[in-house]
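Hi,

Here is the structure I said I'd pass on to you. Have a look at it first, then read on for what turned up.

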Amino acid sequence: MTRQTTKPLFTAPAYFPGDCDFCAASLLGFGSCTNLPKTYAVPVKSLVLNEQRAHEAVNLGPLRRAGARACCEWLRQICTTKNPNQKTTPKTKGAPMKRILSIQDISCIGKCSQTIALPVLSAMGIETSIIPTAVLSAHTMFPGFTFRDLTDDIPDIINHWLSLDINFDGILTGYLGSARQIDMISHIYEKFRQDNTIIILDPVFADKGRMYTGFDIDYANKLGSLCSKADYIVPNITEACYLAGVPYKEEYDIDFIEKIMDILVDKGAKNVIVTSIQTNNKNGIVCRLQNEDSFSVFRDNIDAPFHGTGDLFAS
């Protein structure tokens with residue numbers, strides 16, 4: 001008896017009709033059709049199609065008339081034939097995906113804030129929700145940037161989430177658009193914090209001895225009220241000085257850093273991580289943890305600006 005085999009052939013067409021381009025992306029193996037059930041949302045390259053179905057894949061005349069709905073239905077049909085040689089693994093019920101809330105601005109140009117946090121946290125397998133505090137045409141180091149304050153939009157977002165009983169495993173706070181938002185962030189901490197929720201506060205408002213455009217000492221003093229409500233604060237050395245009420249110095253030693261940390265802990269901070277510390281041609285961080293453990297990490301200093309590294313570190 002001759003064994004009949006199916007040919008693993010399939011050349012995806014260059015285009016699909018109408019507004020069904022997402023199906024072409026799926027067939028090319030670059031993604032999955034968003035209209036398909038998850039059961040079938042697999043790259044079609046992994047399927048073995050017989051000659052008849054391969055012919056159907058190329059002859060798309062009927063699909064042009066039927067449009068996107070028929071295209072998706074057709075995909076459901078061909079996805080029922082899977083490679084018999086493909087190894088399958090038993091389904092296991094994994095832990096639910098963690099969800100973190102990222103509260104910071106969207107800078108349309110410049111690698112910082114939400115555009116740093118979203119890809120990093122997503123790559124770590126964490127579902128990332130956002131509250132944009134402002135929209136900037138570019139981050140504040142660009143001259144002439146535009147700025148739209150989103151303070152008035154935040155309460156509606158919070159109330160909607162409360163009506164949906166949304167929970168977060170972590171809350172990351174970065175650049176805030178105004179001093180008014182500080183009270184709103186405090187409200188978010190109170191409403192969305194659970195027993196295991198970790199809150200990280202990156203008080204983004206200053207660097208290299210001076211404040212960013214749009215911030216003043218009143219903002220720094222008010223932001224300090226959030227320090228006691230966060231589990232971790234990650235200010236750079238300039239921000240730590242402002243929060244502690246200590247004049248910034250270009251030259252300092254470890255005793256100066258320890259003094260700042262003592263003040264921040266006395267103000268209620270639990271775990272303090274001070275970044276951008278430069279000494280002896282090194283750049284690094286110094287940490288003071290709630291259990292009184294301390295450690296530091298330093299690397300050779302690179303004499304060049306890298307905007308957004310603090311946002312990357314906090315993420």
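To start with the strands: in which sense do β9 and β10 pair, and over how many bridges? Strand β9 (residues 271-279) pairs with β10 in the antiparallel sense, over six bridges. Keep in mind while you look around that this is a predicted model.

You can find one facing pair there: Val274 is opposite Val286 in β10. The hairpin of β9 and β10 has two residues between the strands, and Asn280 takes a positive phi near 55° in it.

Now go to the other side of the story for β10 (residues 282-288). This strand is also joined to β11 (residues 294-300), by seven bridges, and the two run antiparallel. Here Ile285 stands opposite Val297 in β11. Five residues lie between the strands in the hairpin of β10 and β11, where Glu292 has a positive phi near 75°. As for how covered β10 is, five of its seven residues are buried, so you can call it mostly covered.

Next, zoom out to the sheet. Nine strands make it up, in the order β3-β2-β1-β4-β5-β8-β9-β10-β11, and it is an open sheet with mixed pairing. Its edge strands are β3 (147-149) and β11, each of which pairs on one side only. For a parallel pair, try β4 (residues 170-173) and β5 (residues 198-201), which pair over four bridges. Gly170 has Ile198 in β5 as its bridge partner.

Then there are the helices on the sheet. Helix α7 (residues 180-192) packs on it and touches β1 (99-107), β2 (127-136), β3, β4 and β5. The direction of α7 makes about 170° with that of β4. Helix α10 (residues 254-266) lies across β8 (232-233), β9 and β10, and runs at about 35° to β10.

How do helices pack on each other? Two packed helices are described by the angle between their axes and the distance between the axes. Take helix α9 (residues 237-244) and α10: their axes come within 9 Å and cross at roughly 50°. That angle makes α9 oblique to α10. The crossing of α9 past α10 is left-handed. On the α9 side, the contact is made by Ile237, Ala240, Cys241, Leu243 and Ala244. On the α10 side you'll find Phe256, Ile257, Ile260, Ile263 and Leu264.

The other pair is α6 (residues 154-163) and α7, with axes that come within 11 Å and cross at roughly 5°. These two helices are therefore roughly parallel to each other. Ile154, Pro155, Ile158, Trp161 and Leu162 of α6 make the contact with α7, including Gln181, Met184 and His187.

What about cysteines? A disulfide is a covalent bond between the sulfur atoms of two cysteines. A search of the whole structure finds zero disulfides. Cys241 is buried, with a relative accessible area of 1%, and Cys287 is buried too, with a relative accessible area of 1%.

Last, some totals for the protein chain. The secondary structure comes to 11 helices and 11 strands. Of its 315 residues, 40% are buried. Among contacts with a separation of 6 or more, 65% are between residues 24 or more positions apart.

Have fun with it!

Note on methods: Residues are numbered from 1 along each chain as its sequence is written. This is a predicted model: local features need pLDDT of at least 70, side-chain atom pairs count only at pLDDT 80 or more; totals for chains, interfaces and linings use all residues. Side-chain values use heavy atoms; hydrogens and water are left out. Buried means under 20% relative accessible area, exposed over 50%, partly exposed in between (1.4 Å probe, protein chains only). Two strands pair if DSSP finds at least two bridges between them. A disulfide is a pair of cysteine sulfur atoms within 2.5 Å. Contact means heavy atoms within 4.5 Å. Axes are lines fitted to C-alpha atoms, for helices over the stretch in contact, and angles run from 0 to 180 degrees between N-to-C directions. Angles under 35 degrees count as roughly parallel, over 145 as roughly antiparallel, 65 to 115 as roughly perpendicular and the rest as oblique. A crossing is left-handed if the near helix is turned anticlockwise from the far one by less than a right angle, and right-handed if clockwise.
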